[in-house]
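Please open the model in a viewer and keep the sequence at hand. The tour below proceeds from one selection to the next.

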Amino acid sequence: MASLETWIGLRYLRAKKRNGFMSFITMISIAGIALGVTALIVVLSVMNGFQKEIRGQLLNVAPHAEIGYYDTGNGESWQSLRGFVKGRKEVLATAPYVADQALLANSGEVRGVQLRGVLPEEEKNVVDYGKDMPVGSFNDLKPGEFDIILGEGLAEALGAEKGGKVTVITPEGNVTPAGVVPRLKQFNVVGIVKTGVYEVDNSLAMTHIKDAQVLYRLGDGVGGLRIKLADPQNAPAFTRDLVPQAQKDKVWARDWTFSNRSYFEAVELEKRMMFIILTLIIAVAAFNLVSSLVMAVTEKQADIAILRTLGLPPAGVMKIFMVQGAFAGFFGTLIGVVCGVLLGMNVGRIVAFFEDLFGMQLINSQIYFIDYLPSDVNPDDVLVIAAISLALAFIATLYPSWRAAKTQPAEALRYE
């Protein structure tokens, strides 16, 4: 059986004719807490989903880690770079590459790209998008043939198709009596690749590493070694100790967070700010709970006085109203958590339904990398949100309960 104070506190939660308005205010407070908890869970779940999906997209197209020589013309081969990762269990595959800027021209269209020279038999081991290409394959890149594979968006912009040709213009020109003339070379389009990332599909161009070395006059030099790891999340720790201190002046190493650090830092900052802003909704609902409890204390002055004269101590009076407020906060938090988890798990389907219903697209892949609304309900986030909500509801009960405990029976019953 519950204690007397708990029983009375729960009794006060039920609406009566005399305190119907007070109970209505209590219901509004519960609804406000539930709304705040729901909104916070859903928003954080969507942001977690965006972060997870975009990280997955980037890891499909970006190397988990890279290592290379600062001076590509020092005569060192890419095989020597493999000595730094030899015997490392976390390394699944490696592939050499050469990369430099170039302009691609075709049918009057010109696009700036980073032309990457790859070794086909090695490259397909470190990237996933080469396994199911719409047109052609990595094996179609033959050394000496000056073949090229284009991203789907880039090929569409240039009007290039398999079997056609595109002109590659390098930034380093030829010096002639007439001045510096840009170096031009026609490449045969042998394949089109689709990565699923808009920016990459519109700027990706690959050729055989031998042809890239000839084009950029690198001899046997390479740009670096791309590394695929078993756990990409450990890439920063992996690259930190990859190069011995004595060789850090000529060998560099970086991980996938190097070029995407600003984006993920911005997402983390947005998550923190949204968490703070939406927590204020719960705080506002907690203030409503304070007002409802103050009204309850004012209305129950006579009841409090009678309980005091019957021997109930001030601590018991405090417990009555703390139980009333705590249960209101508990039910609001419970409803909010249930609604937030259910909505967070199905928000993508709900958005897709309204997109089909109204014939509009809310998520543009040209801006957000993806064309759907992802969601990832994190149990840790849910627990933190529930704990904060319960804590705010409990804090909201302290002042009204203390005020109730200060009630003097003689003063309260004077006009009764």
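Which residue follows H10, and what is the sign of its phi? Select Gly311: this residue comes after H10 and has a positive phi, near 110°. The model is a predicted one, and the values given along the way are computed from it. Now select H10 itself, residues 301-309. Its buried residues are Ala302, Ile304, Ala305 and Leu307.

**The whole chain**

Return to the full view before going further. The protein has 416 residues, of which 45% count as buried. Its secondary structure comprises 14 helices and 9 strands. Where contacts in the protein join residues at least 6 apart in sequence, 78% of them link residues at least 24 apart.

**Strand S8 and its partners**

Select residues 224-229, which form strand S8. This strand is mostly covered, with 6 of its 6 residues buried. Colour the two sides separately: one carries Gly224, Arg226 and Lys228, and the other carries Leu225, Ile227 and Leu229. The residues on both faces are all buried. As background to this division, side chains in a regular strand alternate between the two faces of the sheet.

Next, add strand S1, residues 65-69. S1 pairs with S8 in the antiparallel sense, over 3 bridges. To locate the pairing, find Glu66, which stands opposite Arg226 in S8. Then add strand S2, residues 91-106, which also pairs with S8 in the antiparallel sense, here over 6 bridges. A suitable marker for this second pairing is Thr94, which stands opposite Ile227 in S8.

**Strand S1 and strand S9**

Keep S1 selected. Is this strand enclosed or open? S1 is largely enclosed by the rest of the structure, because 5 of its 5 residues are buried. One of its faces holds Ala65, Ile67 and Tyr69, and the other holds Glu66 and Gly68. Both faces are covered.

Now select strand S9, residues 251-255. S1 pairs with S9 in the antiparallel sense over 5 bridges. Display Tyr69 together with Val251, its bridge partner in S9.

**Two loop residues with positive phi**

Most residues other than glycine have a negative phi. Two residues merit a stop in this respect.

Select Ser107, in the loop between S2 and strand S3 (109-118). Its phi is near 55°, a positive value in a residue other than glycine. Ser107 is exposed, because its relative accessible area of 64% is over 50%.

Then select Phe146, in the loop between helix H4 (120-123) and strand S4 (147-151). The phi of Phe146 is likewise positive, near 55°. Is Phe146 buried or exposed? Phe146 is buried, because its relative accessible area of 15% is under 20%.

**Ala157 in helix H5**

Move on to helix H5, residues 152-158, and select Ala157 within it. Ala157 has a relative accessibility of 23% and counts as partly exposed. Leaving aside residues up to four places away in sequence, Ala157 touches Glu109 and Arg111. Draw a distance between the C-alpha atoms of Ala157 and Asn106: the separation is 9.2 Å, although the two residues are 51 residues apart along the chain.

**Helices H9 and H13**

For the last stop, select helix H9, residues 257-299, and helix H13, residues 379-405. How do these two helices lie relative to each other? Their axes come within 9 Å and cross at roughly 25°. H9 is therefore roughly parallel to H13, since the angle is under 35 degrees. The crossing of H9 past H13 is right-handed.

Show the side chains at the contact. From H9, the contributors include Phe275, Ile282, Leu289, Leu293 and Val297. From H13, they include Ile385, Ile388, Leu392, Tyr399, Pro400 and Arg403. The residues of this contact divide into 18 nonpolar, 4 polar and 1 charged.

Methods: Residues numbered from 1 in each chain as written. Predicted model: local features only at pLDDT ≥ 70, side-chain atom pairs only at ≥ 80, totals over all residues. Heavy atoms only, no water. Buried < 20%, exposed > 50% of the residue type's maximum accessible area, 1.4 Å probe, protein only. Helix = DSSP H or I, 4+ residues; strand = E, 2+ residues; numbered from the N terminus. Pairing = 2+ DSSP bridges. Axes fitted to C-alpha atoms, helices over the stretch in contact; angles between N-to-C directions. Parallel < 35°, antiparallel > 145°, perpendicular 65-115°, else oblique. Left-handed = near helix turned anticlockwise from the far one by under 90°. Contact = heavy atoms within 4.5 Å. Nonpolar A, V, L, I, M, F, W, Y, C, P; charged D, E, K, R; others polar.
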